[in-house]
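Colleague: I am new to this structure and would be grateful for a close look at a single part of it. Please take one helix and describe its setting, from the chain as a whole down to individual side chains.

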Amino acid sequence: MNIFRKKTKKPELNMAKIIPVHNVDFEETEDGKVVLLKPKFSSNFSKKYIIPRMKYPYFKINLDETGTAVWKAIDGNHTAVEIGEKLKDKLGDKIEPVYERLGMFLATLKNEKFIEW
């Protein structure tokens, strides 16, 4: 048994080719921030019989200013590079380094199944 495992390198995102698309519903708060609505259950049985009887069928994930700007820029028509350019125009130096931060955020959203490409 080998206790030392090789670290597998994660594939890098080609931000010029990926086009993110929303995969969950969301709401906007009064101050313009986005709240993602992640269903508590995903099976067909749960969707049909359990969720309709629940008072709060979703987990609510509140996004900050940067996350809200990214979420609103995702429309299914623009690549991640184009989204990065929009963020630079809107947020300026607060978002730098824009592509590193955007890549990490998009990868997290993809891993949590909030978006697809």
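Modeller: What follows is an account of one helix and the parts around it.

This is a predicted model, in which local features need pLDDT of at least 70 and side-chain atom pairs count only at pLDDT 80 or more, whereas totals for chains, interfaces and linings use all residues. Residues are numbered from 1 along each chain as its sequence is written, and side-chain values use heavy atoms, with hydrogens and water left out.

The chain contains four helices and five strands. Both kinds of element are DSSP runs numbered from the N terminus, helices being H or I runs of at least four residues and strands E runs of at least two. Their order along the sequence is β-β-β-α-β-α-α-α-β. Of the 117 residues, 28% are buried; buried means under 20% relative accessible area, exposed over 50%, and partly exposed in between, with a 1.4 Å probe and protein chains only. Contact means heavy atoms within 4.5 Å. Among contacts between residues at least 6 apart in sequence, 58% join residues at least 24 apart.

The helix chosen here is H2, residues 65-73. Gly 67, Thr 68, Ala 69, Val 70, Trp 71 and Ala 73 are its buried residues. They pack against strands S1 (21-22), S2, S3 and S5, and against helices H3 and H4.

Part of this packing belongs to the largest nonpolar core, which has 22 residues. Such a core is a set of buried Ala, Val, Leu, Ile, Met, Phe, Trp, Tyr and Cys residues joined through side-chain atoms within 4.5 Å. Trp 71 is among the residues with the most contacts inside this core, along with Leu 36, Leu 87, Leu 102, Leu 106 and Leu 109. Strand S3 (34-39), helix H2, helix H3 (80-91) and helix H4 (98-111) each supply at least two of the core residues. Leu 106 touches Val 70 of the chosen helix; neighbours within four places in sequence aside, its other contacts are Ile 18, Pro 20, Ile 74, Ala 80, Ile 115 and Trp 117.

Thr 68 shows how H2 meets strand S3. This residue is found in helix H2 and is buried, at 6% relative accessibility. Its side chain reaches the backbone nitrogen of Val 34 at 3.1 Å. That is a polar contact: a pair of N or O atoms within 3.5 Å, where within protein one must be able to donate a hydrogen and the other to accept it, and residues adjacent in sequence count only if both atoms are side-chain atoms. Beyond its neighbours within four places in sequence, Thr 68 is in contact with Gly 32, Lys 33, Val 34 and Leu 63.

On the other side of that pair, Val 34 lies in strand S3 and is buried, with 0% relative accessibility. With neighbours within four places in sequence set aside, Val 34 is in contact with Thr 68, Trp 71 and Lys 72, and also with Phe 26, Glu 27, Glu 28, Ile 61, Asn 62 and Leu 63. The C-alpha atoms of Val 34 and Ile 61 are separated by 8.4 Å, although the two are 27 residues apart along the chain.

Charged side chains add a further link. Side chains of opposite charge can pair when their charged atoms come close. A salt bridge is a side-chain nitrogen of Lys or Arg within 4 Å of a carboxyl oxygen of Asp or Glu, and five are counted by this rule. In one of them, the side chains of Lys 72 and Glu 28 meet at 3.2 Å, N to O. Because Glu 28 lies in strand S2 (residues 25-28) and Lys 72 in helix H2, this pair ties together parts that are 44 residues apart in sequence. Both partners are partly exposed: Lys 72 has a relative accessible area of 41% and Glu 28 one of 49%.

Two other salt bridges lie outside H2. Glu 112 pairs with Lys 38, their closest N and O atoms being 3.5 Å apart. This pair links distant parts of the chain, 74 residues apart, with Glu 112 in the loop between H4 and strand S5 (115-116) and Lys 38 in strand S3. Lys 88 and Glu 85 also form a salt bridge, at 3.9 Å between the closest N and O atoms. Those two both lie in helix H3, three residues apart, about one turn of the helix.
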